[in-house]
Amino acid sequence: MSDISDIDIIHTTTPEWAEPPSSDESEPDHEGVNIWKGIVDECEKDRGELDEYLKRRDEAEGQIGVEQLPLIAALNAALLPILRQAMVALLETVREESSCYRPKSALNGIDFISEYLYNMNHRYPERRQSWTYIFDMKWVKDRLDAHPRPFYPFSLIWSRAYAALKIQAFMRGYWVRRRTDVQEVRTFWKDYKATKRREEQMTVI
């Protein structure tokens with residue numbers, strides 16, 4: 001199974017962006033919320049004429065409006081508020097990781113929202129206290145066992161900080177190995193092992 005949980009940083013506590021907004025306080029005026037509000041306002045403006053037309057048509061035909069359907073009302077009351085919070089958190093994460101400014105990114109929007117909705121489910125409030133990383137969820141592991149994902153290159157998996165550590169470690173090792181005294185020791189042991197192998201082969205013959 002191709003699992004990137006060994007490399008990604010696992011959430012052991014509830015992320016800051018996952019904290020639900022207080023009911024008695026107004027939402028913070030941060031860029032993520034402003035972006036999302038702008039998207040919502042633009043969408044509502046574009047849908048205005050269509051909604052008005054559908055309303056007039058339903059009234060003329062004696063039908064109930066879409067918003068009054070029990071299923072739609074339940075979705076608006078239970079799902080859309082938490083989904084909106086997930087979208088705002090996703091936009092904030094995209095901004096923090098500069099995912100929009102890079103051709104490749106390890107951030108998967110579907111995985112992010114799935115993890116958020118799972119941990120913020122109001123039926124299981126204890127999940128908010130012990131945040132579960134999506135690739136640590138049993139149902140996700142079972143799904144990946146049956147349908148493994150393709151291998152992700154390190155350029156998508158590693159963060160910039162982790163990649164910098166790996167590059168620095170490689171360069172430090174390279175600079176040490178190229179020293180004259182270290183090269184001499186390495187050459188000695190290389191020749192010694194080669195001699196031992198030849199002696200062992202001669203003994204067997």
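**Close-ups around helix α3**

**View 1. Helix α2 against helix α3.** Helix α2 (residues 70-97) packs on helix α3 (residues 109-119) at an angle of about 130°, and their axes sit 10 Å apart. That angle makes α2 oblique to α3. Look at the handedness too: α2 passes α3 in a right-handed crossing. On the α2 side, the contact is made by I82, L83, Q85, A86, M87, A89, L90 and T93. Helix α3 answers with G109, F112, I113, Y116 and L117. Sort the residues of this contact by type and you get ten nonpolar, three polar and no charged. One more thing to keep in mind for this and the other views: the model is predicted.

**View 2. The start and the buried side of α3.** Right at the start of α3, a side-chain oxygen of N108 comes to within 3.0 Å of the backbone nitrogen of I110. Further into the helix, which residues of α3 are buried? They are D111, F112, I113, E115, Y116 and N119. The buried residues of α3 pack against two helices, α2 and α4 (126-129). F112, I113 and Y116 turn up on both lists, as buried residues of α3 and as part of the contact with α2.

**View 3. Zooming in on N119.** N119 belongs to helix α3. Is N119 buried or exposed? Its relative accessibility is 0%, so N119 counts as buried. The side chain of N119 reaches out to the backbone nitrogen of T132, at 2.8 Å. T132 also shows up among the contacts of N119 once neighbours within four places in sequence are left aside; the others are R127, R128, S130, W131 and M137.

**View 4. A78 and H122.** Here we're back on helix α2, where A78 has its place. With 48% relative accessibility, A78 counts as partly exposed, whereas N119 from the previous view is buried. How far apart in space are A78 and H122, C-alpha to C-alpha? The distance is 9.5 Å, even though 44 residues separate the pair in sequence.

**View 5. Stepping back to the whole protein.** The close-ups come from a protein with eight helices and zero strands. Read from the N terminus on, the elements go α-α-α-α-α-α-α-α. The protein has 205 residues, and 19% of them count as buried. As for contacts with a separation of 6 or more, 62% are between residues 24 or more positions apart.

How values were computed: Residues are numbered from 1 along each chain as its sequence is written. This is a predicted model: local features need pLDDT of at least 70, side-chain atom pairs count only at pLDDT 80 or more; totals for chains, interfaces and linings use all residues. Side-chain values use heavy atoms; hydrogens and water are left out. Axes are lines fitted to C-alpha atoms, for helices over the stretch in contact, and angles run from 0 to 180 degrees between N-to-C directions. Helices (H or I, at least four residues) and strands (E, at least two) are DSSP runs, numbered from the N terminus. Angles under 35 degrees count as roughly parallel, over 145 as roughly antiparallel, 65 to 115 as roughly perpendicular and the rest as oblique. A crossing is left-handed if the near helix is turned anticlockwise from the far one by less than a right angle, and right-handed if clockwise. Contact means heavy atoms within 4.5 Å. Ala, Val, Leu, Ile, Met, Phe, Trp, Tyr, Cys and Pro count as nonpolar, Asp, Glu, Lys and Arg as charged, and the others, Gly among them, as polar. Buried means under 20% relative accessible area, exposed over 50%, partly exposed in between (1.4 Å probe, protein chains only). A polar contact is a pair of N or O atoms within 3.5 Å; within protein, one must be able to donate a hydrogen and the other to accept it, and residues adjacent in sequence count only if both atoms are side-chain atoms.
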